[in-house]
Every structure is written in C-alpha cells, then in structure tokens.
Amino acid sequence: MQEQTIEKGGCLCGAIRYEVAAPVERILMCHCRNCQKATGAGASANVVVPAAALTFSRGTPRLFSQQVDSGHTLHRAFCGDCGSPIYSRRDHVPDWLVLKVGTLDRPHGAVVANLWTQSASAWTPIQAGVDNYPQNRPA
C-alpha cells in the first residue's frame, strides 16, 4: 500500500495555509484571458485535485465567481489580505479543484498540457512536446 503524500502551501502573506492529500505533479498551463487577468501573468500553472483532498489549516479564502469563456461559472478562491490566488472550481465539476501550483511550499512536477492556447500572449512560451489545446481539453 502506497503512503499518501501530503503537500503544504499557502498565500504570500501567510494568512492562508493549506494541505492537499493528492498528487501535484501533472501541471496544466491555462492561457485563457480570465487566468491571465487573475494571475497578472501570461498563464496560470495548475494541478487538478479532488476537492475533498484540500483542507485549510489557517484562514478562509474569499471567493470571486463569474461566467467564463467556456460558458461555465468559475469560482476563484484567493487570500483576502494579499490577493494570492489559491484555487478555482467550476460549478459543473464541484468534486474537483484547480490548485495554483505557485502556492505550494515545494512546487514541483511537469507541464503535461497547455489550455486555451488561442488566447496565449505572443510573449508567453508554449512548451513543445506536450498536449496543446486551442480551448479547453475535450471532455
């Protein structure tokens, strides 16, 4: 039986701390305009984890919800003090969260796909040799 790995992370100011009991190695880069604006960068580095795997040991994130390009409602959880994005969740898949890799204490893993490449900025590199999708991944 394999021992479950617990990864820890949090926001920039330390008001939010969490633990995630799920693998965090398969990174998805999202280049949609929504992620660009939410992160202030060319793309958002994410790992998909079961919602039940994420627990908060300090603080409670604030939520911002809006309809995004896919037509779904996206809920973004962030630190209300420093603004660090922590995770996002879509209404139509409530059992899964998209955790922001940069908030992990020890970020690691490999990019396995680029999403919404049709929205990528010319100055944002798109990694070759991985799956690339002009929009979201097929269901």
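This section describes the overall architecture of a predicted protein model and then the surroundings of selected residues.

The secondary structure of the predicted model consists of 1 helix and 11 strands, and from the N terminus on these elements follow one another in the order β-β-β-α-β-β-β-β-β-β-β-β. The radius of gyration is 15 Å, close to the 14 Å that the globule rule gives for 139 residues, so the protein is as compact as a globular protein of that length. Taken along the principal axes, the box filled by the C-alpha atoms has dimensions of roughly 40 × 35 × 30 Å. Among contacts between residues at least 6 apart in sequence, 54% join residues that are at least 24 apart.

With regard to the surface, 38% of the 139 residues count as buried, and the protein exposes about 8000 Å², of which carbon and sulfur atoms supply 51%. The charged side chains comprise 13 positive and 10 negative ones, and the centres of these two sets are separated by 6 Å.

The confidence of the prediction was examined next. The mean pLDDT of the protein is 91, with 97% of its residues reaching 70 or more. By element, confidence is lowest in helix α1, which spans residues 33–39 and has a mean of 89, whereas it is highest in strand β2, residues 17–20, at 98. As a general caution, predicted coordinates should not be read in detail where pLDDT is low.

Two residues from the N-terminal strands can be considered together. Lys8 is placed in strand β1, which covers residues 7–10, while Arg17 lies in strand β2. With a relative accessibility of 44%, Lys8 falls between the limits of 20% and 50% and therefore counts as partly exposed. Residues up to four places away in sequence not being counted, Lys8 touches Arg17, Tyr18, Glu19, Leu104 and Asp105. The contacts of Arg17, with neighbours within four places in sequence likewise set aside, are Lys8, Gly9, Gly10, Thr55, Phe56, Ser57, Arg58 and Asp105. Lys8 and Arg17 are thus in contact with each other, and Asp105 appears in the contact lists of both residues. As to separations in space, the C-alpha atoms of Lys8 and Val48, which are 40 residues apart in sequence, stand 15 Å apart, and those of Arg17 and Pro125, 108 residues apart along the chain, are separated by 30 Å.

Further along the chain, Ser88 belongs to strand β8, residues 85–90. The relative accessibility of Ser88 is 5%, which is under the 20% limit, and this residue therefore counts as buried. Apart from neighbours within four places in sequence, Ser88 is in contact with Leu74, His75, Arg76, Leu97, Val98 and Lys100. For Leu74, one of these partners, the C-alpha atom is separated by 6.7 Å from that of Ser88, although the two residues are 14 places apart along the chain.

Towards the C-terminal strands, Trp116 is found in the loop between β10 (110–115) and β11 (131–132). Phi of Trp116 is near 55°, a positive value in a residue other than glycine; most residues other than glycine have a negative phi. The relative accessible area of Trp116 is 10%, and because this value is under 20% the residue is buried.

Asn132 is located in strand β11 and, at a relative accessibility of 36%, counts as partly exposed. Once residues up to four places away in sequence are excluded, Asn132 touches Asn114, Thr117, Ile126 and Gln127. The C-alpha atoms of Asn132 and Ala122, which are 10 residues apart along the chain, are separated by 15 Å.

Key. Residues numbered from 1 in each chain as written. Predicted model: local features only at pLDDT ≥ 70, side-chain atom pairs only at ≥ 80, totals over all residues. Heavy atoms only, no water. Helix = DSSP H or I, 4+ residues; strand = E, 2+ residues; numbered from the N terminus. Rg over C-alpha atoms; globule rule 2.2 N^0.38 Å. Buried < 20%, exposed > 50% of the residue type's maximum accessible area, 1.4 Å probe, protein only. Contact = heavy atoms within 4.5 Å. Areas by Shrake-Rupley, 256 points an atom, 1.4 Å probe, with all protein chains shown as cover. Lys, Arg positive; Asp, Glu negative; His and termini not counted. Charge placed at Lys NZ, Arg CZ, Asp CG, Glu CD. pLDDT = per-residue confidence, 0-100.
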